[in-house]
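Okay, thanks for coming, everyone. I'd like to talk through the packing and the charged pairs in this one, so let me put it up on the screen.

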Amino acid sequence: YELPVSPFAPVAGSRSADVTGVRAGRAFEGTDWVAEEVPVALEYNGVSHAVMLASPADLEDFALGFTLTEGIVDDVSQILDIELTADARGQTLHVRITAACFARLKDKRRSLAGRTGCGLCGADSLAHAIHPPRPVLGTRCFAASAVARALAGLRDKQLLRDVTGATHAAAWCSAAGDIVLLREDLGRHNALDKLIGALQRGRIDAGT
C-alpha cells in the first residue's frame, strides 16, 4: 500500500516527512505533511523570561499577544520593538518594552526566584494567583445565524490544519459572521495570543 502523494502546497508551520504505518492491515510508506513545533524563547530587554513550544509562524504576533495577555505591558504602545532570531536550538523573540514595565517584570521575577512547579506556584495567595477577567462593557448582541456562519467558514481558513490535521485556530469575526483574522498553532492558547497580537498589529479595534 502506498500513501497517496499530498496535493497540498507547503504552508508555513508545516514540513514534509517520511512516514511508515499500517492501513487496512497492510504496511505502507510514503510522504506526508506534519505540523512543526519549536522552542520559542521570549526575552524582555535582553533578559530571558519564558520558553514556549509553538508553531513557527506568525511569531511576532505571538510575542505581542503574549506580552499583553500576561500583563507584562498594559498597552501595545509600551512595546517598543520585537525582533526574531533563530538558531539550531530554536527561535528567540527579543521584545523591548518601556523601562517602567520592565521594572515591574523584574519585581515579579524576583518573587518567583527559587520556586519550582506550575505557573501558580510563585503566587503569594489565591488573590494573586487568580485574576478575574475585566468586565465586558459592550452591550452588542449577535444573531445565532452569524455565529453559525463564522463556524461554517472557520474550516476554509485553517490552511495549516488542512495540510496537517493537527492544529487549533482562533478567529476574529465581524458582526455578520465573516472571518476577519485567523491564526493557527498547535497550542490553542498560542493561537489566541497570535490572534490578539495580529489584531493589535493590524490596528483592528476589538471593541467594535
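Before I start, when I say contact, I mean heavy atoms within 4.5 Å. And keep in mind that this is a predicted model.

So, the nonpolar side. Which residues touch the most other members of the largest nonpolar core? That would be Y44 and I97, in a core of 20 residues. The elements that each put in two or more residues are strand 3 (38-44), helix 1, strand 6 (90-97) and helix 2 (99-112). Helix 1 is the top contributor, with six residues.

Let's stay on I97 for a second. If you skip the neighbours within four places in sequence, I97 is in contact with Y44, N45, I72, V73, Q78, I79, L80 and F102. So Y44 turns up again, this time on the contact list of I97. There's also another core, apart from the main one, and that has six residues, including A170, L181, A191 and L199. As a general point, nonpolar side chains in soluble globular proteins tend to be buried together.

Now the charges. How many salt bridges does a search of the whole structure find? Eight, and I'll walk you through some of them.

Start with D58 and R183, where the closest N and O atoms are 3.7 Å apart. D58 is in the loop between strand 4 (47-54) and helix 1 (59-69), while R183 is in strand 8 (residues 179-185), so we have distant parts of the chain being linked, 125 residues apart. Is each partner buried or exposed? D58 is partly exposed, at 35% relative accessible area, whereas R183 counts as buried at 16%, because the cut-off for buried is under 20%.

Next one: D61 and R201 form a salt bridge at 2.6 Å, N to O. D61 sits in helix 1 and R201 in helix 6 (residues 188-201), so this pair ties together parts 140 residues apart in sequence. D61 is buried, with a relative accessible area of 4%.

Then there's D178 with R149, also a salt bridge, 2.6 Å from N to O. Here D178 is in the loop between strand 7 (168-173) and strand 8, and R149 is in helix 4 (residues 144-157), so the parts being tied together are 29 residues apart. Both ends are partly exposed: D178 at 34% and R149 at 47%.

One last thing on the charges. D58, D61, R183 and R201 are joined into one network by salt bridges that share partners.

Okay, that's me done. Over to you.

Conventions. Residues are numbered from 1 along each chain as its sequence is written. This is a predicted model: local features need pLDDT of at least 70, side-chain atom pairs count only at pLDDT 80 or more; totals for chains, interfaces and linings use all residues. Side-chain values use heavy atoms; hydrogens and water are left out. A salt bridge is a side-chain nitrogen of Lys or Arg within 4 Å of a carboxyl oxygen of Asp or Glu. Helices (H or I, at least four residues) and strands (E, at least two) are DSSP runs, numbered from the N terminus. Buried means under 20% relative accessible area, exposed over 50%, partly exposed in between (1.4 Å probe, protein chains only). A nonpolar core is a set of buried Ala, Val, Leu, Ile, Met, Phe, Trp, Tyr and Cys residues joined through side-chain atoms within 4.5 Å.
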